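Biologist: I'm new to this one, so could you take me on a close look at a single part? I'd like to hear about the salt bridges and what sits around them.

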Amino acid sequence: MQFSKRFLNLVRHELSLLDSLAEMENIVVYVAQAQDGKPPTLTVIGEMPSNSSKAFPPIENDPALRVPSPDRRWYPLQDGSVLLGVIRAERFSIDQEWPDSLDQKLQASSYVLSNALSLELDRKRILDNLNQQKDQILLLVHQLKNPLTALKTYAQLLLRKLGPESKQRDLIEGLLSEQDQVNKYLLA
C-alpha cells in the first residue's frame, strides 16, 4: 500500500521525538497489510534509529520475538477493535523496570499514529471510491457518445431529404442544435 507523504512525515516526526529518549535502542512502526487469501503481514513503515545496522527481519521470521523480553514492548495501532499495526519498542538491556514515563510516551505515540493511520486508510478508501466513480462516469460518457453520434447522422440525413420549404426542417435543426449542446457537456 502506498502511504501519503504527510502520513510518512508524521511517522518520522513521532519516531524523532522518541529518538531523543536515551534508553531506547530501537523503535519500529509496522502496518498490518492484508493479502488475498493469506494471513495479514506486518510491514515496516518507519524505524528508529533509521541508520541502524540492525536489519529487522519480517516479524513472522524473527525467532527472537517468540521469547518474552523485559526490554521489549508492543503498542497496538488500532481503530476500535481493528488492529491496524503495532509499534515495537526495545530499550537497551538494563536491570531496571520499564519506566512509566517511557511507557506513557510510547502510548501517546501509539494513540497519535493509530488515529493518523485510521485517517490515512479512510483517505485511501475515499480516493479508491472516487477513482472507481470516475472510471464509471468515463464509461457512461463513452457509451452515450455512440447513440448520440448515430442520432446526429440520422438527423443530418433526414435534413438532406427534406426540401427547403418543409415544416419539419426547424424541428430537425433544433434536434441537431440540442445534440451539439449535449456533446459539449460530454466532452467537457
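Modeller: Happy to. A word on confidence before we start: pLDDT is the predictor's confidence in each residue, from 0 to 100. This is a predicted model, and its chain has a mean pLDDT of 87, with 95% of the residues reaching 70 or more. Among the elements of the chain, strand 3 has the highest mean pLDDT, at 94, while helix 3 (residues 169-187) has the lowest, at 85. As a rule of thumb, where pLDDT is low, the predicted coordinates should not be read in detail.

Now to your salt bridges. Side chains of opposite charge can pair when their charged atoms come close. How many salt bridges does the structure hold? The count is 9, and I'll walk you through some of them.

Let's begin with R72 and E90. These two form a salt bridge, and their closest N and O atoms are 3.4 Å apart. The pair links distant parts of the chain: R72 belongs to strand 3 (residues 72-79) and E90 to strand 4 (residues 82-91), with their positions 18 residues apart in the count. Are the two partners buried or exposed? R72 has 15% relative accessibility, so R72 counts as buried. E90 is at 8%, so E90 counts as buried too. The cut-off behind both calls is that buried means under 20% relative accessible area.

Next along strand 3 comes R73, which forms a salt bridge with D103, the closest N and O atoms being 3.3 Å apart. Here too the pair links distant parts of the chain, with R73 in strand 3 and D103 in helix 2, 30 residues apart. R73 counts as partly exposed because its relative accessibility is 30%. D103, on the other hand, counts as buried because its value is 15%.

Helix 2 has a salt bridge of its own. The side chains of R123 and E120 meet at 2.9 Å, N to O. Both residues lie in helix 2, 3 residues apart, which is about one turn of the helix. R123 is at 31% relative accessibility, so R123 counts as partly exposed, whereas E120 is at 5%, so E120 counts as buried. Back at the first pair, salt bridges that share partners join R72, R88 and E90 into one network.

What else sits around here? Helix 2 covers residues 100-161 and includes S109. Since its relative accessibility is 5%, S109 counts as buried. Leaving out residues up to four places away in sequence, S109 touches E14, L18 and I87.

I87 gives us a way into the strands, since I87, in strand 4, is the bridge partner of V29. Strand 1 and strand 4 run antiparallel and are joined by 7 bridges. Strand 1 (residues 24-35) also runs antiparallel to strand 2 (residues 38-48), and 8 bridges join those two. One example is Y30, whose bridge partner in strand 2 is V44. The hairpin of strand 1 and strand 2 has 2 residues between the strands, and there G37 takes a positive phi near 75 degrees. When you look at the strands, keep in mind that in a regular strand the side chains alternate between the two faces of the sheet.

Terms used: Residues are numbered from 1 along each chain as its sequence is written. This is a predicted model: local features need pLDDT of at least 70, side-chain atom pairs count only at pLDDT 80 or more; totals for chains, interfaces and linings use all residues. Side-chain values use heavy atoms; hydrogens and water are left out. Helices (H or I, at least four residues) and strands (E, at least two) are DSSP runs, numbered from the N terminus. Buried means under 20% relative accessible area, exposed over 50%, partly exposed in between (1.4 Å probe, protein chains only). Contact means heavy atoms within 4.5 Å. A salt bridge is a side-chain nitrogen of Lys or Arg within 4 Å of a carboxyl oxygen of Asp or Glu. Two strands pair if DSSP finds at least two bridges between them.
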